[in-house]
Amino acid sequence: MKYSRRKDGAGRGLGHLGKAADNSAEFHGLFSAQFLQRYAELFEALAQPVQHVALLNSLTDVNDCDEMGLESFYRHGTISCLRHPQPPDSYPPPPDCPYTQLRQFYWMDFASVLPPLLLAPQPHHAMLLGGLRALKPGGRLVYCTSSLAEVENDAVVHKALQQQQQQQQQGGEVRVVAVDEWGLEGVEELSGGQRTKYGLLCLPDKQGWGPLYVALLEKTSG
């Protein structure tokens with residue numbers, strides 16, 4: 001198969017190549033030696049539009065994927081991917097969750113999902129629950145994020161406490177240490193902190209610090 005450099009500017013920004021296709025003899029010589037008989041079809045595929053899957057946002061339970069015609073494609077642990085039965089010409093912006101205002105999913109090349117799959121990420125409440133179970137009676141744990149979103153802050157603490165209560169025989173009793181019990185006089189005002197149900201959310205509109213969310217939990221029995 002022969003390849004020639006295109007002089008009409010066509011092919012710029014093509015698919016997987018991500019930039020103008022390099023039709024030089026050096027380019028084709030290098031990769032045809034690496035991929036052998038597979039190279040001709042591979043080069044054609046690289047010039048095709050990139051396909052995407054919808055990587056669901058695990059921080060929101062609401063999604064309108066059915067209405068968008070998306071079907072299940074791959075699921076492992078906390079990671080779920082959907083896709084169109086037929087790849088569309090363009091991918092519409094993902095809808096926002098009406099409660100959290102977070103994107104319900106993100107369009108991604110499925111190959112880009114492999115790294116987080118290998119990391120086997122756990123939802124925040126599962127990590128927090130694991131930390132609580134590791135505490136000895138009297139031990140304390142700080143849950144902290146740099147997020148403004150309640151779904152990553154109080155909602156995570158709430159879910160972890162719920163599960164801890166349901167599995168009390170395994171993990172013991174846990175309580176939230178109120179801000180007044182922290183023993184940090186004046187820090188609430190100095191940090192521009194706003195009290196939440198379980199902790200303190202520092203916001204930059206008051207003193208310029210943050211955003212930072214902090215909750216303190218204590219195991220009272222084993």
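Let me begin with a definition: a residue is called buried when its relative accessible area is under 20%, exposed when that area is over 50%, and partly exposed in between. By that definition, Phe-110 is partly exposed, because its relative accessible area is 25%. Please keep in mind that the model shown above is predicted.

My subject today is the aromatic rings. A pair of such rings is described by the distance of the centres and the angle of the planes. The structure holds eight aromatic pairs, and I shall present two.

The pair I take up now is formed by Phe-27 and Phe-43, in an edge-to-face arrangement, with 6.4 Å from centre to centre and 65 degrees between the planes. Where do these two residues lie in the chain? Phe-27 belongs to helix α1, residues 25–35, and Phe-43 to helix α2, residues 39–46; the pair thus links distant parts of the chain, 16 residues apart. Phe-27 counts as buried, at 19% relative accessibility, and Phe-43 is buried as well, at 10%.

I turn now to Tyr-74 and Phe-110, which also form an edge-to-face pair, with 5.7 Å between the centres and 65 degrees between the planes. This pair, too, joins distant parts of the chain, 36 residues apart: Tyr-74 sits in strand β2, residues 71–76, while Phe-110 sits in the loop between β4 (105–108) and α3 (114–119). Tyr-74 has a relative accessible area of 34% and is therefore partly exposed, as is Phe-110 at 25%.

Finally, let me return to the helices. Phe-27 and Phe-43 belong to a cluster, linked by ring pairs, that also includes Phe-31 and Tyr-39. Thank you for your attention.

Methods. Residues numbered from 1 in each chain as written. Predicted model: local features only at pLDDT ≥ 70, side-chain atom pairs only at ≥ 80, totals over all residues. Heavy atoms only, no water. Phe/Tyr/Trp six-rings, centres within 6.5 Å; stacked < 30°, edge-to-face > 60°. Helix = DSSP H or I, 4+ residues; strand = E, 2+ residues; numbered from the N terminus. Buried < 20%, exposed > 50% of the residue type's maximum accessible area, 1.4 Å probe, protein only.
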